[in-house]
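Student: Let us go through this model by its labels. For each term, I want the value and the cut-off behind it.

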Protein chains: 2
Amino acid sequence: MTKAIRITEKVTPGVLRERNTRLVLQTVLIGDGSMSRADISRSTGLARAVVSEIVESLMAQHLVVEEVGTPSGRGKPAKPLRVDTDRQCLLMADLRPTEVVAGVVGLDGVIGSTGRVDLPPNPGVDDVIRVLDSFLRQLAADDGRAVLAAGVAVPAMLSPEQGIVESIQLRWTDVDLAGPLQEALGYDVVLVNDATAVAMSELSHQSQAGGSVIVLHIAGGIGSAIILDGRVHLGERQRAGEVGHIDVGVSDRRCKCGRTGCLETVANLPAILGDASVEDLDAVSSPGEDPALRALAERVDHAGRSLGALVCVQAAILDIPDVVIDGPVRRAGARLLDAIEQELARRLPAVDVRRPRFSTMADQSKMHGAAAAAMLHELGVLWHSSPDRA
Amino acid sequence: MTKAIRITEKVTPGVLRERNTRLVLQTVLIGDGSMSRADISRSTGLARAVVSEIVESLMAQHLVVEEVGTPSGRGKPAKPLRVDTDRQCLLMADLRPTEVVAGVVGLDGVIGSTGRVDLPPNPGVDDVIRVLDSFLRQLAADDGRAVLAAGVAVPAMLSPEQGIVESIQLRWTDVDLAGPLQEALGYDVVLVNDATAVAMSELSHQSQAGGSVIVLHIAGGIGSAIILDGRVHLGERQRAGEVGHIDVGVSDRRCKCGRTGCLETVANLPAILGDASVEDLDAVSSPGEDPALRALAERVDHAGRSLGALVCVQAAILDIPDVVIDGPVRRAGARLLDAIEQELARRLPAVDVRRPRFSTMADQSKMHGAAAAAMLHELGVLWHSSPDRA
DNA sequence: GCCATTTAGTTTGGGCCGCGATCAAAATCG
DNA sequence: CGATTTTGATCGCGGCCCAAACTAAATGGC
């Protein structure tokens, strides 16, 4: 639970309407084609007249459509409303160091066609802008629907104004990706940090709103994203979640950062893999007799224990029991989760944290979360669907 | 920075007025007798007509008064507004295991008379209700002003509905303190967890709003409170900040909880004191030759290093550089802070966390924070004063 | 088969709110 | 002493939500 502490801005009647519009759209979205105006009025507490008015404006914006009502029970049959998925769509992209994965998603959060293209080696911003520009154009053209906005997940630290402050993976510092892109494309382009994107994606799979989730993103580095009570927490200098160089007391290896014992020395992807390849992780749950595989399994266990220690601390500090793991390590599967859970059990009473899990959308989670962020930015609404629908 | 993610409630014109009323009151409060209606209009962006109307209602509620305007410059002289400190006051109390400290505070956050009374040994809820009832009545009678509300800091875990779920220090489980008290006293009684109260107090000393702070409260146990972007974070089961049994890898002692290495085994008050008394901490900065004192100083250093490790992790996860220490250990003074800072320097690049500090209001911080919570609850406004004013 | 009943959605009048313009009051400046 | 400037009150307007009345379209009982 949170408590707002200070009002900082005046409120005008216009804000009022905007908020209630969001509320109605959200209700339509969650209702998934089952809510009529009267239902929305009952569910939100808004007067029917107001709901009708707002729905009319949403239909004018091609965000909501009326379906044909099949009478059920007495009374005039209701006209069910659903989000208009025919006229507009969102684009989403996951910018990775060597490639871009992108796709189209409907306003209901259902993923349409997707694709990927390679980036040139050590891409500069201009390269990425060029690739994204043509890729997104092509996706939009193939889809046919108008584009409402695009969301792009980037492996970078972002300023509140959407500038890329730094990306270690892309070796960028202080560049503007969103600006040129939205100028070229003609619609809003929303950037999200990749770990945050995963968190947004998870949030959009929680059935109720205002939830909390911690995402651990394990790749070349270890990053995490924190959503507290439905709010993304970025920290005072947008550095929240930089947990790679925490010493949780499970290693005494020297880290390239100069200190020893950093989490990254045992739990980032290179540390886990050693000489092995990412594909080898698939077999790590039953390593058999192969000594290389057994060593890999050992390293996975060690990483799991370290991550377990981190999760413990996070859980004690924040009391968020939902922990999501994402990144290529997903391929290690249950073995990694088991190791984490084992460490949790050792350190905390069982009730405190649920077993961590991998991200719901797997390889698409960053992309999907970027779309969710774009949706939120554009319409002020987030999907809250069960995983099987999205 | 945070981003609200979902609208859950309808907004009505009444809410609008309430919010803007808060905004105006807040502005008057911060202005500290220097803001006129016109100033408020300019500062908030609200039309002068609206500000006048709201000010009128605030004056009718005896929350704001007009002062005599001294002309300065051209034009009709402005009538400065200030918070009305003559008609109403707040009561505040700090419930400790063996005593209650309480006092009166004006609507401007200025502390008036204070006092303390002993509690019977192992007090039950009824004892505490009796003591608080008569103590607060007496304070109010001596003060003469009407009581707007009372805030009570309690060493307990609270439910969102203000019930006391559990207090280890008071040996209470599932009791209702606020209900009977406010029924007896006739005004709202707001309970706050003691660590949270310290955090609220610190927040009310930050000059700008929406700040973040981490409070470590070190006494018999170790608790912490987290305020993120101006919101108290309590966690999914109101257990956020239960850091006493984290293993930060600086101890291998057995803890009474059954595990080993818990922070409490080296950093809670009993662990620090050993055979020494709280008063001995005063001398710990220059222990001299006394072997007992030198041993105590050693233990303070060890506790500091452990706390430093915790602060490191918290800082990495949350990126909140402002860390406040409260509790009897305050008497260890700079020696404790030095030890913490040393550990921080060892573990993190210098820039990441500021040197921790003790709570601004010292022994009064819990009480003061409780008052701040009551103020927030009652008027939706928090003081944001510089320390010397409050 | 017809009419009362029920439910959905629209229309209407009213109240609250914030806004901008207008106006009187009270100071300063030339 | 009048023009100017600033404050604060008053008033009419438009936006928004609400409750009630009204129309539309189904069901069910007689």
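**Terms and the values behind them**

Student: In β12(B), what is the bridge partner of I218(B)?
Tutor: This is a predicted model. In it, I218(B) is bridged to I222(B) of β12(B).

Student: What makes β11(B) and β12(B) a pair of strands?
Tutor: Pairing needs at least two bridges. Strand β11 (residues 213-218) of chain B and β12(B) are joined by 6 bridges, and they run antiparallel. Therefore they count as paired. A hairpin of 3 residues links β11(B) to β12(B).

Student: How do you know that β12(B) and β13(B) pair?
Tutor: The same cut-off of at least two bridges applies. Between β12(B) and strand β13 (residues 231-233) of chain B there are 3 bridges, in the antiparallel sense. One partnership puts I227(B) with V232(B) of β13(B). These strands also form a hairpin, with 2 residues between them. In that turn, D229(B) has a positive phi of about 50 degrees.

Student: Is strand β12(B) mostly covered or mostly open?
Tutor: Mostly covered: of the 7 residues in β12 (residues 222-228) of chain B, 6 are buried. Buried means under 20% relative accessible area.

Student: Why is D188(A) called partly exposed?
Tutor: Its relative accessibility is 28%. Buried would need under 20%, exposed over 50%. The value for D188(A) lies in between, so D188(A) counts as partly exposed. D188(A) belongs to strand β10 (residues 188-193) of chain A.

Student: Which residues does D188(A) touch, leaving aside neighbours within four places in sequence?
Tutor: A149(A), A150(A), Q182(A), H377(A) and E378(A). H377(A) is 189 residues away along the chain, yet the C-alpha atoms of D188(A) and H377(A) are separated by 9.0 Å.

Student: Where does V65(B) lie, and what does V65(B) touch?
Tutor: V65(B) is in strand β1 (residues 64-66) of chain B. Residues up to four places away aside, V65(B) touches P80(B), L81(B), R82(B), V83(B) and D84(B). A370(B) is 305 residues from V65(B) in sequence and 25 Å from it in space, C-alpha to C-alpha.

Student: Why are α1(B) and α3(B) called roughly perpendicular?
Tutor: Helix α1 (residues 13-31) and helix α3 (residues 48-60) of chain B have axes that cross at roughly 80 degrees and come within 10 Å. Angles of 65 to 115 degrees count as roughly perpendicular. The crossing angle falls in that range, so α1(B) and α3(B) earn the term.

Student: Which residues make that contact?
Tutor: From α1(B), R17(B), N20(B), T21(B), V24(B) and L25(B). From α3(B), V50(B), E53(B), I54(B), V55(B) and L58(B). By class, the contact of α1(B) with α3(B) has 6 nonpolar, 2 polar and 2 charged residues.

Student: What makes β13 and β15 of chain A edge strands?
Tutor: The open sheet of 5 strands runs β13-β12-β11-β14-β15 in chain A, with mixed pairing. β13 (231-233) and β15 (357-358) each have a single partner strand, so one side of each has no neighbour in the sheet. For β13(A), β12(A) (residues 222-228) pairs with it in the antiparallel sense over 3 bridges. There, I226(A) stands opposite H233(A).

Student: Which strands are at the edges of the sheet β5-β4-β3-β6-β10 in chain B?
Tutor: β5 (111-118) and β10 (188-193) of chain B, each pairing on one side only. The twist averages 20 degrees from one strand to the next. β6 (residues 146-154) of chain B and β10(B) run parallel and share 6 bridges. Within them, A150(B) has V189(B) as its bridge partner.

Student: Which strands does helix α6(B) touch?
Tutor: Helix α6 (residues 194-203) of chain B packs on the sheet and touches β6 and β10 of chain B. The direction of α6(B) makes about 100 degrees with that of β10(B).

Student: How do you know that the copies are related as by a two-fold axis?
Tutor: A turn of 180 degrees, with a shift of 0.0 Å along the axis, lays chain A on chain B with an RMSD of 0.1 Å. The relation is thus that of a two-fold rotation axis. In chain A, G249(A) comes closest to the axis, at 2.5 Å (C-alpha).

Student: Why do the copies meet through the same surface?
Tutor: Because 100% of the interface residues of chain A are also interface residues in chain B.

Notes
Residues are numbered from 1 along each chain as its sequence is written. Chains are lettered from A and ligands numbered from 1 in the order in which they are written. This is a predicted model: local features need pLDDT of at least 70, side-chain atom pairs count only at pLDDT 80 or more; totals for chains, interfaces and linings use all residues. Side-chain values use heavy atoms; hydrogens and water are left out. Buried means under 20% relative accessible area, exposed over 50%, partly exposed in between (1.4 Å probe, protein chains only). Helices (H or I, at least four residues) and strands (E, at least two) are DSSP runs, numbered from the N terminus. Copies are superposed by least squares on the C-alpha atoms of residues with pLDDT of at least 70 in both. Contact means heavy atoms within 4.5 Å. Axes are lines fitted to C-alpha atoms, for helices over the stretch in contact, and angles run from 0 to 180 degrees between N-to-C directions. Angles under 35 degrees count as roughly parallel, over 145 as roughly antiparallel, 65 to 115 as roughly perpendicular and the rest as oblique. Ala, Val, Leu, Ile, Met, Phe, Trp, Tyr, Cys and Pro count as nonpolar, Asp, Glu, Lys and Arg as charged, and the others, Gly among them, as polar.
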